[in-house]
Amino acid sequence: MKSQRIEIAPSILSADFSNMRAAVAEVEESGARFLHLDVMDGVFVPQITFGPKLVKDLRPHSDLVFDAHLMVVEPERHIPAFVDAGCDYITIHQESCIHLNRALNMIRDKGVKCGISIVPSTPVSAIRPLLDLVDLVLVMTVNPGYGGQRLIQSCMDKVVELCEIRQSEDYSYLVSVDGGVNLDTIQDVVAAGADVAVTGSAFFGEVDKALFMERMLALAEESFH
Ligand code: DX5
Ligand code: ZN
């Protein structure tokens, strides 16, 4: 049994981009503590979302933990700007970068928490040598690029595997699950051992976001026992 509550991290990918400041306020008022920022470059994934300027402009308006998920090629080119923007976590993809160790250390050396993410087709073994270095592992449970997709159940085995490795090696990274997390899937996510659950379309599709958070946390609590 886990004692700590899961962090529900709303993703502003599903927010109204014409009013991001209000969207971040809604996340904060819902009781969430994490804000997931999906950065897409139109190359690593088909869509383009936003860059560090938006993150920097939002930063003074929120005390949320800024959890940036960089779905971009050559992330090392952009790391300094996201550090400067005030991110608390910067997560890069295993599939996007050759010199992963160097890129992760670029983040760490600036005092920012570093994360590594894997798409559904990438096994945990691809990041095994980096697990002693990272603060967060982001398991994609959909193919990245769009909100509103269905969670790919087979990816949940990787969450379990990462929790087992963490325990056996005494590592301390958070395991985050991203893609298709909603009221129907949160209990599986918690049962697998995740610490953070990203939710985009489910959160922003609700009118009463505080109630949604309450329901998610209540379902999570049931799964802990
Ligand atoms: C997808 C993004 C996710 C996305 C999740 O590429 O990385 O963070 O916002 O959206 P939902 O919760 O709608 O699957
Ligand atoms: Zn994401």
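1. Ile90 has Cys114 in strand 5 as its bridge partner. Strand 4 (residues 89-93) and strand 5 (residues 113-118) pair in the parallel sense, over five bridges. Pairing needs at least two DSSP bridges between two strands; strands are DSSP E runs of at least two residues, helices H or I runs of at least four, both numbered from the N terminus.

2. Basis: this is a predicted model, where local features need pLDDT of at least 70 and side-chain atom pairs pLDDT 80 or more, while totals for chains, interfaces and linings use all residues. Residues are numbered from 1 along each chain as written, ligands from 1 in the order written, and side-chain values use heavy atoms, without hydrogens and water.

3. Eight strands form an open, parallel sheet, ordered 1-8-7-6-5-4-3-2. Strand 1 (7-10) and strand 2 (34-40) are the edges; each has a single partner strand, so one side of each lacks a neighbour in the sheet.

4. The zinc ion (ligand 2) has protein donors His36 (NE2), Asp38 (OD), His69 (ND1) and Asp178 (OD), at 2.1 to 2.2 Å. Donors are N, O and S atoms within 2.8 Å of the metal (3.2 Å for Na, K and Ca); water is not among the atoms, so sites may look incomplete.

5. Six donor atoms subtend angles of 69 to 169° at the zinc ion (ligand 2), which makes the arrangement octahedral (opposite donors over 155 degrees apart, all others between 65 and 115). His69 is in strand 3 (residues 65-71) and Asp178 in strand 7 (residues 174-178), so the pair ties together parts 109 residues apart in sequence.

Methods
Tetrahedral: all angles 85-135°; square planar, octahedral: opposite > 155°, others 65-115°.
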